[in-house]
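Hello,

Here is the structure we talked about handing over. Please load it first, then read the notes below.

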Amino acid sequence: MKYSADSVWENKDEYDIAVVGAGHAGCEAALAAARLGFRTVMFTVSVDSIALMPCNPNIGGSSKGHLVREVDALGGEMGKVIDRTFIQSKMLNKSKGPAVHSLRAQADKADYSREMRRVLENQENLDIRQMEVTDILADHGKVTGVQTYSGAIYRVKAVVLCTGTYLKARCIYGDVSTNTGPNGLQSANYLTESLKALGIEMYRFKTGTPARIDRNSVDFSKMEEQKGDERVVPFSFTTDPEDVQIDQVSCWLTYTNEKTHEIIRANLDRSPLFSGAIEGTGPRYCPSIEDKVVKFPDRDRHQVFIEPEGLHTNEMYVGGMSSSLPEDVQYAMYRSVPGLEHAKIVRNAYAIEYDCIDARQLKSTLEFKKIEGLFSGGQFNGSSGYEEAAAQGLIAGINAARKLQGKEGIVIDRSQGYIGVLIDDLVTKESHEPYRMMTSRAEYRLLLRQDNADLRLTKIGYEIGLISRERYEKLLEKEKMIEEEIRRAEHTNIGTSPEVQSLLQSLGSTPLTSGTTLAELIRRPELSYEKLAQIDKNRVDLPYDVIEQVDINIKYDGYIKRQMRQVEQFKKMENRKIPDDINYDEVKSLRIEAKQKLNQIRPSSIGQASRISGVSPADISVLLVYLKS
Amino acid sequence: MKRETIAAISTGMTNSGIGIVRISGEEAFSVADRVFMGKEKLSDVKSHTIHYGHIKDGEDTVDEVLVMAMRGPRTFTGEDTVEINCHGGTFVVKRVLETVLKNGARAAEPGEFTKRAFLNGKMDLSQAEAVIDVINSENEYALKSSLNQLKGSVRNKITDIRNRILYNTAYIESALDDPEHISLEGFSSELEKTTAGIRNELSELIRSADDGRIIKEGINTVILGKPNAGKSSLLNVLSGYERAIVTDIEGTTRDILEEQISLGGLSLNVIDTAGIRRTDDVIERIGVERAAEYAERADLIIYVVDASRKLDENDEKIFSMIYDKNTIILLNKSDLDTVISAEEIKERAGNIPVISVSAKEEQGIRDLEEQIKSMFFKGDVSFNDQVYISNVRQKNALIDARESMEKVLESIENGMPEDFYSIDLMDAYESLGSITGESVGEDLVNEIFSRFCMGK
């Protein structure tokens with residue numbers, strides 16, 4: 001039973017900021033707040049599950065890897081922790097352009113969790129408290145504190161909600177369901193009502209996870225081995241690359257087949273997704289295996305990745321086969337896959353539904369429009385993924401702290417980082433499913449590369465106060481080296497000497513007919529800065545990360561400049577501010593739908609308004625005309 | 001934001017039997033009530049009804065009229081609208097308008113009704129532009145084309161191209177987001193074909209944009225010929241009344257005459273020129289120089305040859321001006337004794353079509369008309385199956401889109417990685433969207449999810 005009137009008391013330990021939840025968002029939020037000097041308390045239903053990875057055992061991946069690097073560049077923790085706890089690492093999309101190179105590491109889940117907990121425990125200004133928060137206390141639209149299940153009241157000036165998938169969580173497979181959070185952990189059943197009482201609108205989303213199976217029951221000889229990269233690149237800009245050259249473990253690839261699909265089709269009526277037992281909206285991008293079979297009937301097989309959950313466990317994750325089918329069907333389905341004929345399930349696959357918010361109730365700073373001092377981040381905001389959570393948690397934590405500092409909130413815009421794209425999409429666009437980051441969502445992705453996250457964001461991190469002076473100065477130095485080397489390459493003349501011609505020939509490049517510059521040669525698709533070393537007589541030794549920037553910036557110069565021009569256009573629209581007190585009902589010529597949407601979201605700029613679904617280009621013209629008159 | 005009430009004559013300024021004065025805006029009804037005397041006040045009548053009465057300017061009765069009373073938003077502009085159907089010709093319609101303006105309405109600027117319709121969400125950009133084209137179109141072909149555009153032939157064609165671009169981009173993007181599930185092997189060569197195809201379709205549309213201009217603005221035509229070859233007579237026949245001074249004295253036309261004429265529904269902006277011959281007369285020489293200049297820029301040159309006189313050095317000079325242009329040779333004065341045969345001219349002219357006419361007798365004019373149509377409309381002036389792009393903004397958007405497709409092809413040829421293709425593909429997608437007034441929004445993400453099976 002929740003507290004009675006008798007058990008209500010005020011905890012006199014003084015805190016400035018409370019963070020509710022200790023997942024990937026909560027950890028970043030709490031660390032940022034504490035590091036910016038505010039006394040911070042972080043609540044969790046279970047201290048043992050701090051920084052838990054309840055689904056896939058990896059950090060990063062396409063576009064998510066970008067987020068981790070950006071979090072790191074701003075002074076967050078995720079990149080540093082995964083660099084210490086990964087067991088395999090790969091740079092994805094290496095054959096593609098540099099903008100879509102993305103780092104993904106397999107984590108030792110237990111190690112990751114333990115390591116993050118150690119960082120939190122040793123953080124000055126930060127206390128960890130195992131307790132469920134049941135109420136947000138607010139007065140006249142302003143946060144005053146939180147109250148816990150035990151009745152204790154903590155008075156604070158800002159609260160960051162990072163409740164993940166725990167609010168009224170329910171796990172389901174077949175006709176079996178439990179009212180628990182992920183991994184059978186206690187759910188948080190009271191906070192939703194408190195938020196609703198504050199006028200916050202809630203959604204119900206769902207997601208799912210595959211089974212974990214016993215390594216000893218898997219026949220790896222029927223699978224393809226998937227090894228890590230020979231040379232591992234760290235996530236954090238602060239990690240010494242030599243420290244991450246470790247012995248890696250392998251993942252394994254196998255496939256479903258017609259038999260698997262038949263089993264699934266024959267049992268669809270027993271799936272809670274199709275019977276209607278699940279009310280939440282699931283994501284399209286990580287569909288359950290039953291979804292895939294139904295939606296893509298022509299595919300005769302789907303990939304299945306068998307991934308270790310850690311070094312000190314035999315549990316393995318069955319990537320690609322998340323499901324909420326009944327237990328007996330799960331056994332039959334998994335065992336129809338080559339290599340899994342004798343698979344023993346350790347944990348069942350399940351779907352989970354939970355309460356989250358419509359993030360359009362938030363400002364771009366992740367503060368609630370209606371309640372001052374109340375911030376939120378992570379899956380609670382309708383996103384999915386550890387990395388998306390960490391990114392929002394970091395920004396919410398920073399902005400809670402800045403609120404108390406009396407400073408304006410930090411907003412990373414769409415041209416500065418994936419974090420900006422993520423948050424702008426969440427607070428602007430209507431979403432009916434958990435939001436996942438994708439490189440295609442970033443319109444300026446050629447500029448938002450994982451390799452230049454530090455150049456884009458570390459200055460901002462320094463201004464915020466999460467980046468040390470030493471790291472900042474190192475960055476300035478790197479910037480200078482890049483700039484100078486690019487200039488040198490543009491001005492280094494290469495003649496038609498026999499040495500040059502024979503090098504070009506050996507690299508399959510057309511010989512020169514007249515002199516050119518080093519930069520021009522670098523731009524040839526078949527050449528690169530490094531390949532031309534022997535004909536570049538005045539070259540000095542530069543660090544690898546500097547060379548990488550020089551090469552990319554010269555090679556893709558034309559494309560990069562084009563995107564920079566587009567960014568200028570974008571900034572113009574972003575800088576056209578819409579006054580806070582605009583009365584959209586007065587703008588007669590706006591269509592009703594547009595009026596409703598604009599009233600609901602109250603965008604801060606014409607740029608943001610133009611991204612609202614239901615607001616047409618014609619509506620924007622009307623708005624521009626109105627603002628001028 | 002309050003908008004003034006505006007009024008204008010919404011029919012052409014011709015001496016037709018009927019003219020309409022349209023009033024639109026919040027005050028449309030009260031303005032109309034001040035000038036219209038009927039059985040009841042328009043402010044009291046039901047919407048979308050017609051009423052008989054008189055327009056009064058003070059005590060004077062201006063005209064006997066029918067008035068349509070329509071309340072917004074179910075009107076063309078979306079605002080309250082009153083349309084006054086007048087009986088009279090130009091003069092009376094003008095007086096009705098003046099009376100309305102005296103009583104509280106402001107004269108509408110060109111295209112202002114359409115602009116309001118657009119601002120009130122009654123039409124998208126491409127429709128709005130087509131309506132402006134309807135207003136501006138000066139002949140029946142342009143009207144047909146504009147109406148067809150309203151029905152959405154441009155929209156359909158462009159939507160079709162956009163869908164193909166989107167599908168291909170989504171293919172690339174899904175592979176980038178989920179490289180372990182979706183492979184791009186061999187995709188480049190497929191895409192190369194698709195892209196080249198789309199580029200060609202865009203070129204076709206751009207060409208039609210030129211046709212669109214020609215339909216709307218008319219074919220810029222220059223008439224060339226030696227002095228007294230009958231150029232001015234031809235112009236007079238074409239335009240239906242005496243425009244140029246026609247005499248038997250060589251060099252009568254010293255200036256350049258411009259005339260907009262309608263030839264079987266085609267609109268020709270005809271420029272008659274001084275005859276081409278070496279001359280010491282200063283005024284005439286300027287005329288000759290200008291003729292050469294116009295010929296350089298014209299859509300069409302009509303070269304009038306006098307069949308009763310031998311070809312000479314002046315004709316040679318003209319041949320040198322026209323050999324690489326859109327030209328029709330008219331063998332004129334075929335009613336007189338001819339010294340040059342059509343065969344002779346044809347031999348000299350090469351591929352240039354030759355038509356025998358007598359400007360005086362109006363023979364062969366029909367042939368000329370057919371020849372022009374076949375040159376400018378590929379022999380088919382049906383507007384049902386052809387898509388015409390007819391304004392500069394749309395044409396520029398098409399050119400941008402084609403340029404983006406060129407860049408995709410260039411990237412493929414240069415062996416650039418696939419993620420670079422998406423950038424230009426989406427640029428083209430956006431350019432084309434600007435024609436139909438659609439933004440990109442979540443299109444790509446939705447396409448990725450609906451078409452491609454993502455992992456996890």
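**Chain A: domains and a sheet**

In chain A, the C-alpha centres of domain 2 and domain 4 lie 45 Å apart. Keep in mind that this is a predicted model.

The domain assignment splits chain A into four entries. Domain 1 is assembled from three segments, 9-163, 189-207 and 354-440. Domain 2 covers 212-351. Domain 3 takes 477-560, and domain 4 takes 576-628.

Chain A also holds an open sheet of 4 strands. Their order is β1-β10-β9-β8, with mixed pairing. The edges are β1 (9-10) and β8 (133-139), each pairing on one side only. β8(A) runs antiparallel to β9 of chain A (residues 142-148), and 6 bridges join the two. Within that pair, Val133(A) stands opposite Thr148(A).

**Chain B: make-up and annotated site**

Chain B has 456 residues, of which 44% count as buried. Its secondary structure comprises 15 helices and 13 strands. Take the contacts in chain B between residues at least 6 apart in sequence: 67% of them join residues at least 24 apart.

One record entry is worth a look. The UniProt annotation "binding site", from an unreviewed entry, covers Ser232(B) and Thr253(B). Ser232(B) sits in helix α8 of chain B, residues 231-239. Is Ser232(B) buried or exposed? Ser232(B) is buried, because 25 other C-beta atoms lie within 10 Å, and the cut-off for buried is 20 or more.

Best regards

Methods
Residues numbered from 1 in each chain as written. Chains lettered and ligands numbered in written order. Predicted model: local features only at pLDDT ≥ 70, side-chain atom pairs only at ≥ 80, totals over all residues. Buried ≥ 20, exposed ≤ 12 C-beta atoms within 10 Å, placed from the backbone. Contact = placed C-beta atoms within 7 Å. UniProt positions renumbered as here; feature names shortened; annotations may be inferred. Domains from an automatic or database assignment. Pairing = 2+ DSSP bridges.
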